Amino acid sequence: MSSPKGSQAQKTRLPSFTRKVLLEVPSPTEKDWSKDDEEDYVFKDPDEELDSLPQPYRMINKLVNLLFDRSWEVIEERDALRKSELSRIRPTVYPPVVESKLNKMPNCMAISQDYVFIGGARGFSIHSLFNAKQIYVWEKLKVDVTSICATDLGSEILIAPVDEIGIVRLFYLYKDGLCLIKAINEVEDTSKQSTCLKMEISQGGDFAAFFLQGAGDIWLDVYKLPKESWLKEVEHPQLSINPKKKVRQLQLNTLDAMTSDNLEMDISFRGDVKLSLPVHIMKIKPPKPVTGTTFKSPLEVFAKIEDCYGLGSGQNHFIRESQWEQQAAVFNASYKKYLDGEWEEEPLSMATFHFLPPGCITATPVDVKSPSGVAYVLGVHWTGSHNFFLYLLNRTLKDKVDPEGVWPCAAPIAVSQLSCSSSYLVLACEDGVLTLWDLAEGFPLGVVALPEGCICQSIHFLKYFLVHEGRNVFPEGPVKSQMKCVVLCTDASLHLVAAQGSEAPTISVLVERPVNHLDEAVCAVAPVPALPGMVLIFSRDGHVHLMDVAKPHIICAFAPPRPYHLAVPWKPMFVVSFHHPCFLLRGDHPDEIKSTDDAKNIQNSLFYFNFEAYPLLENISRNCSIPQSALTANMGFPHELPLEKRCESFLQNSEEAEADSCQTGRSQSSAHSDRAGLEHSRASPKPESLTWAHSAPTSPASTGRAALVAQRGKTRRVCERRADGMEGILSGENAGCTTACRTLSFKYKKKIICTSMLVCVNSFQGLTRSC
């Protein structure tokens, strides 16, 4: 390696001219100097002999120097990061309010009403949401519960845990009794056992759908849940007639007594109650791939489509097999260099499904009588499919399973999400385009595209809020055709999408894609229904932040006490309450991760965070709503005004503007006539005959006709402007516009010409169609 002396010489000493050959006395004149000798002079360090190293030491020297340079670059980066961290304003970190210690590792959680359901080893447990007290434990399985779902049925709760094998069971919790309804996909022959990959229960618990896989096939089973019968059967229980079933239930009761000796029981398992089984109404399979047609004429194609069912799915067409083969041959020949090589196995086709309520798009059949809000349409889309299929639920298992409607999209649907109120639906395609649907009113709110390169990963609806006097508030009145949601993309960027009425939807960036600090990438998002405009953001470094999407900025952070932390921060286990201002988070102990032998002795903890217990959030949680009267009095929220008030305000403003313009016109015309008269008086006098001839008065009839024509033209222009403004106000407000028009015509008949106004207002299409 080079010595320090040699290195210092290279940096401080200037090189000198040396020559490759022996030096000679040059000629006194430069003309006699040889030009070829210039190549013999080179820059050379006099101490080079000390620096030159033989191989392999020269290579080792270069590697060590490279190592030093890279180490210095890392040191500089860390120093810059440390300085930026010190200059960054850190949010206030709040600890949990309650810690609940568990004997076993929790795998999943769900909240319904005032209970927390925790799935773990061999079953699940029920805890109180407020004091974290364990109320009941059901452990009858040989495997762990991997996911759990709890649906509020009013005074009852429907619980659906799924174990590691993929068997889903339905439980019914009523007051202080827990009943087992049925194991949906459990069979005696294990070779025919199917696995539940996904499930969905409709709002209110009238229907349930289970996505199953087994024997190399996948399908979707839909059940109707007799919840009215369950309530009667629980209030008036009857013993089971089947003796085998009775013995099994008695065994379950015995096991319950063994596992709950040391617990203060508030809930008991009622094995003597037999509940009605769910009714299987439909089995949906993935759509078949499009192949050549078997029809001989186009008339057969149209005859196949009865009542437009399945129109748009692409199954009924008139393209022959030979045409498909020709198209495939042309495609393979054009892209042969890209098609050569090994092909990856196609992923399993998954189904995403939602229960949609009846509305203007998904109308309830005439022959079906049901209470409002009950789902009667199932929306399904499959992996890689462009179509969103709609299936009516008023059918039996014997009926033919055909979609009653198809919504084709321009690109394959990647993600879809239904709002908690089941009023809005968002379809996100693989090309980054989002379609926002208002299911209640029956029209799309708009189409918006994510920034280039962003692909939707998940969609989360926010409870609609407004920014009033600098703070976020929930409007107390009903909200129509107004929605907000946050979209998490695959590049960890977060976006806010807002839409209202007929206005174009807007999109804004909440969190940029991380470039330098990848550990700060957002991996999970959860809206907080109790706080207006707030979402929980989980990052890969284990931090949990509360963000205000209206600003946007970070308000505070939450963290479990040390030494607990999130062992898998990119997939945290948490649950947010929909009706209470709180959320639960699982914290992992370091000893739990390192040692596996004494896992039974390690305490696992769930941490309870209450938003009302923290100073920054206490006022936000308690004063988060604003009455409708305050919004209607404030003209800063025109979309919150009733339709009649909005039209009335528009007409008043237009009348005031027209009066101001008329007054300005009169003053200008009078000033102009005064100037003209003055100039005329200063002119030379003309003969009386000529003056009399030019200033002869017009007849009263002609003056009246001219005034009438001018008044009609003026009225027509005013009404046209008002009609254009009314069209903008009433667009998207079809409901209730008949009453508004009648009220306005009655109220303004003395101020404007009613006939002209009605003709002008009824001229635009929206009002004509509604009235």
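## Strands and a glutamate

Phe474 stands opposite Ser625, a residue of strand 39. This is a predicted model, and that facing pair is a good place to start looking around.

Strand 39 pairs with strand 28, which covers residues 471–475; the two run in the parallel sense and are joined over two bridges. Together with strand 27 they make an open sheet of three strands, ordered 27-28-39, with mixed pairing. Strand 27 (466–468) and strand 39 (625–626) each have a single partner strand and stand at the edges, so one side of each is left without a neighbour in the sheet.

Now let us turn to another pair of strands. Strand 18 and strand 19 pair in the antiparallel sense over six bridges. Here Phe355 stands opposite Leu378 of strand 19. Strand 18 is mostly covered, with five of its six residues buried.

The two strand pairs can be set side by side:

| Strand pair | Sense | Bridges |
|---|---|---|
| Strand 28 and strand 39 | parallel | two bridges |
| Strand 18 and strand 19 | antiparallel | six bridges |

Phe355 also leads us to a glutamate, since Glu200 touches Phe355 as well as Phe353, Phe207, Ala208 and Ala209, leaving aside residues up to four places away in sequence. Glu200 itself lies in strand 13, which spans residues 195–201. Is Glu200 buried or exposed? Its relative accessibility is 33%, so Glu200 counts as partly exposed. Val222 is 22 residues from Glu200 in sequence, and their C-alpha atoms are 9.5 Å apart in space.

How values were computed. Residues are numbered from 1 along each chain as its sequence is written. This is a predicted model: local features need pLDDT of at least 70, side-chain atom pairs count only at pLDDT 80 or more; totals for chains, interfaces and linings use all residues. Side-chain values use heavy atoms; hydrogens and water are left out. Two strands pair if DSSP finds at least two bridges between them. Helices (H or I, at least four residues) and strands (E, at least two) are DSSP runs, numbered from the N terminus. Buried means under 20% relative accessible area, exposed over 50%, partly exposed in between (1.4 Å probe, protein chains only). Contact means heavy atoms within 4.5 Å.
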